Amino acid sequence: LLGKTPAEILPPESAQFVIERYQEAIRLKHHISYEETVRIGDRIIIVETYLTPIFNEVGHCTYLLGVARDIT
């Protein structure tokens with residue numbers, strides 16, 4: 001998943017939700033966590049995600065570190 005955008009790996013409605021969480025973490029300038037229900041083929045799982053923005057020396061977010069785990 002490294003280097004891929006949410007739109008490249010998720011259905012449109014899930015991608016929009018994740019992009020909004022990215023924006024929230026960047027705006028708040030600290031980590032956030034959230035849960036999401038995701039359909040993978042014929043399965044539905046619940047995923048818990050921790051998202052941390054990483055800022056450069058001038059304060060611009062250059063990376064987002066995300067860790068997701070299946071908590072179904």
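## Helix 2 and Ser14

Ser14 is found in helix 2. Let us start with this residue and work outward through the model, which is a predicted one. Is Ser14 buried or exposed? With a relative accessible area of 9%, Ser14 is buried, because anything under 20% counts as such. The side chain of Ser14 also has a partner: a polar contact of 3.4 Å joins it to the side chain of Glu36.

Helix 2 covers residues 12–28, and a salt bridge lies within it. Here the side chains of Arg21 and Glu24 come together, with 3.2 Å from N to O. The two residues are three positions apart in the helix, which is about one turn. How do the two ends of this bridge compare in exposure? Arg21 has a relative accessible area of 16% and is buried, whereas Glu24, at 25%, is partly exposed. The 20% limit falls between these two values, so the pair is split between the two classes.

## The chain as a whole

Stepping back, the chain holds two helices and three strands. Read from the N terminus, the order of elements is α-α-β-β-β. The C-alpha atoms fill a box of roughly 45 × 20 × 20 Å along the principal axes.

How much of the chain is buried? Of its 72 residues, 22% fall in that class. Contacts across the sequence can be looked at too: among those between residues at least 6 apart, 22% join residues at least 24 apart.

## A three-stranded sheet

The three strands make an open sheet in the order 1-2-3, with antiparallel pairing. Strand 1 and strand 3 are the edge strands; each has a single partner strand, so one side of each has no neighbour in the sheet. On average, and with direction ignored, neighbouring strands of this sheet are turned by 30 degrees against each other. Helix 2 packs on the sheet and touches strand 1, strand 2 and strand 3. The direction of helix 2 makes about 170 degrees with that of strand 1.

## Two hairpins

Now for the connections between strands. Strand 1 (32–40) pairs with strand 2 in the antiparallel sense over nine bridges. One of the bridge partnerships here is that of Ile32 with Leu51 in strand 2. These two strands form a hairpin with two residues between them, and Gly41 in the turn has a positive phi of about 65 degrees.

Strand 2 (residues 43–55) and strand 3 (residues 61–70) are likewise antiparallel, and nine bridges join them. Which residues of strand 3 serve as bridge partners here? Val47 is matched with Asp70, Pro53 with Leu64, and Phe55 with Cys61. This second hairpin has five residues between its strands, and Gly59 in the turn has a positive phi of about 90 degrees.

## A salt bridge across the strands

How many salt bridges does a search of the whole structure find? There are two. Alongside the pair in helix 2, Glu48 forms a salt bridge with Arg69, their closest N and O atoms being 2.8 Å apart. This pair links distant parts of the chain, for Glu48 belongs to strand 2 and Arg69 to strand 3, 21 residues apart. Glu48 is buried, because its relative accessible area of 13% is under 20%.

## The nonpolar core and Ile32

Which residues make up the largest nonpolar core? It has five members: Val18, Ala25, Ile32, Tyr34 and Leu51. Helix 2 and strand 1 each supply at least two residues of this core.

Ile32 is a good place to finish, as several threads of this tour meet there. Leaving aside neighbours within four places in sequence, Ile32 is in contact with Arg21, Glu24, Ala25, Thr49, Tyr50 and Leu51. Among these contacts are Arg21 and Glu24, the salt-bridge pair of helix 2. Ala25 and Leu51 are listed there as well, and both belong to the nonpolar core along with Ile32. Leu51 is, in addition, the bridge partner of Ile32 in strand 2.

Key. Residues are numbered from 1 along each chain as its sequence is written. This is a predicted model: local features need pLDDT of at least 70, side-chain atom pairs count only at pLDDT 80 or more; totals for chains, interfaces and linings use all residues. Side-chain values use heavy atoms; hydrogens and water are left out. Two strands pair if DSSP finds at least two bridges between them. Helices (H or I, at least four residues) and strands (E, at least two) are DSSP runs, numbered from the N terminus. A salt bridge is a side-chain nitrogen of Lys or Arg within 4 Å of a carboxyl oxygen of Asp or Glu. Buried means under 20% relative accessible area, exposed over 50%, partly exposed in between (1.4 Å probe, protein chains only). A nonpolar core is a set of buried Ala, Val, Leu, Ile, Met, Phe, Trp, Tyr and Cys residues joined through side-chain atoms within 4.5 Å. Contact means heavy atoms within 4.5 Å. Axes are lines fitted to C-alpha atoms, for helices over the stretch in contact, and angles run from 0 to 180 degrees between N-to-C directions. A polar contact is a pair of N or O atoms within 3.5 Å; within protein, one must be able to donate a hydrogen and the other to accept it, and residues adjacent in sequence count only if both atoms are side-chain atoms.
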